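User: I'm new to reading protein models, and I'd like a close look at one helix before you walk me outward to its surroundings. Could you keep it informal?

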Amino acid sequence: MTTLADHASLASEDGARRSLLRVAQHPRTPIIAALVLVCLVMTVLSENFMTDRNLTNILAQSSVVGIAAVGATFVIITGGIDLSVGSSVAVSGMVAAILVNGGLPPLLGVLLCVVVALTIGVFNGFSIAWLGLVPFIVTLAALGMGRGLTLQLSEGQSVYGLPTTLTWLGGGKVGSIPVPLFVMLIVFVIGHIVLTRTTLGHAIVAVGGNRQAARLSGIRDKRVLFAVYVIAGLCAGLAALILVGRIGAATPTAGVGLELQVIAAVVIGGTSLFGGKGSMIGTLIGVLLIAVINNGLTLLDVSPFWVQFIQGALIFVAVLLDAFNQRRIRSRAV
């Protein structure tokens, strides 16, 4: 005879199974599992990995990629791409450093760094939204122009001796916690709120999901596209300040390969290259996964060339899984 207690026990077990199933089916479960697994493997392989100093270093190192990835998440959700983020970081940091060393007040240098990157974002946004050009081509052109301008202005030389005001965001600390970590977390929180709690965020997802349907529903799609590239430019400017502060100088090769790391983090975090889907939480986890892999391979004295190879392979796997997911969605719709 089944008692009331038995019914309660069965109901509890059924509820637990359903909860586990929901967790297992959550889109962010695989990447969280991958992050935990990589951390465990690195802990076993290197005794220096799971130390307070190294973990703090990982978080600080991830700040440049993380801040830039927030802007890239908005862009990729619309179905676009931004290949100019690395050169934006380089040229904005270099312009600010040269002018500050030439006598410009450091605070104005901080503002100018952001303005230069913002201008590149405006150029990208205007060309894509209002001129109707392809994002890949526009941002590739901006990458080339930004990198060339950086080399021309610097004459291939790094700029050192920068004042603390210009480098504090990247090199300062609040207690024992690096300032870049605070900046990155603030940017992610703001990005999450904008994406999930504002009209602009909902419009970004709608445009990425179906631009024509979004337009017919009253969303001004051109303004949305323009806005996401401006936001990406703003994030690149903040990332430039962090990078200049971390290395204590502006270098002509700053940001080389940054676009690869940013795109990898965003795509691995679950944002679809087909547009219409993405989250800041997923991007943050993707950033941490990339940072942990980079740090772990460095501790294991693995060639940096293999690091780039692994980043490229991660992008390929993430895009492949995204493509399979899109096909499954289309087949269900049919």
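How many residues does helix α5 have, and how far does it reach from its first C-alpha to its last?

Analyst: Sure! Keep in mind that this is a predicted model. Helix α5 covers residues 106–130, so to speak a run of 25 residues, and it reaches 35 Å from its first C-alpha to its last. At 1.5 Å a residue you'd expect 36 Å, and the value for α5 is close to that. Now look just past the end: right after α5, G132 takes a positive phi of about 75°.

That phi is a handy thing to follow along the chain. Most residues other than glycine have a negative phi. Two residues here go the other way without being glycines. One is E155, with a positive phi of about 55°. You'll find E155 in the loop between α6 (135–154) and α7 (164–171). E155 counts as exposed because its relative accessibility is 68%. The other is D301, where phi is positive at about 60°. D301 sits in the loop between α13 (280–299) and α14 (304–333), and its relative accessibility of 70% makes it exposed too.

Let's step back for a moment. The whole protein comes to 14 helices and 2 strands. It has 334 residues, and 45% of them count as buried. Take the contacts with a separation of 6 or more: 78% of them involve residues 24 or more positions apart.

The helix α13 makes a good example of how helices meet. Two packed helices are described by the angle between their axes and the distance between the axes. With α2 (residues 29–45), α13 packs at an angle of about 20°, the axes being 10 Å apart. An angle under 35 degrees counts as roughly parallel, so that is how α2 and α13 run. Their crossing is left-handed. On the α2 side, the residues that meet α13 include I31, L35, V38 and M42. Their partners in α13 include G282, G286, L289 and I293.

Now compare α3 (residues 52–77). Helix α3 packs with α13 at an angle of about 140°, and their axes are 8 Å apart. Those two helices are therefore oblique to each other. Here the crossing is right-handed. Among the α3 residues making the contact are N54, I58, V65, A69 and F74, while α13 brings in M280, T283, V287, A291 and L299, among others. Try picking out the spacing in those lists: an α-helix has 3.6 residues a turn, so residues three or four places apart point the same way.

Next, zoom in on one residue, V267, which lies in helix α12 (residues 258–268). It's buried, with a relative accessible area of 6%. Leaving out residues up to four places away in sequence, V267 touches L273, A318 and V319. And V267 is 55 residues from D322 in sequence, yet the two are 8.7 Å apart in space, C-alpha to C-alpha.

Last, the cysteines. A disulfide is a covalent bond between the sulfur atoms of two cysteines. This structure holds 0 disulfides. Two cysteines to look up are C113, which is buried with a relative accessible area of 1%, and C235, which counts as buried at 5% relative accessibility.

How values were computed:
Residues numbered from 1 in each chain as written. Predicted model: local features only at pLDDT ≥ 70, side-chain atom pairs only at ≥ 80, totals over all residues. Heavy atoms only, no water. Helix = DSSP H or I, 4+ residues; strand = E, 2+ residues; numbered from the N terminus. Expected span 1.5 Å × (residues − 1). Buried < 20%, exposed > 50% of the residue type's maximum accessible area, 1.4 Å probe, protein only. Disulfide = S-S within 2.5 Å. Axes fitted to C-alpha atoms, helices over the stretch in contact; angles between N-to-C directions. Parallel < 35°, antiparallel > 145°, perpendicular 65-115°, else oblique. Left-handed = near helix turned anticlockwise from the far one by under 90°. Contact = heavy atoms within 4.5 Å.
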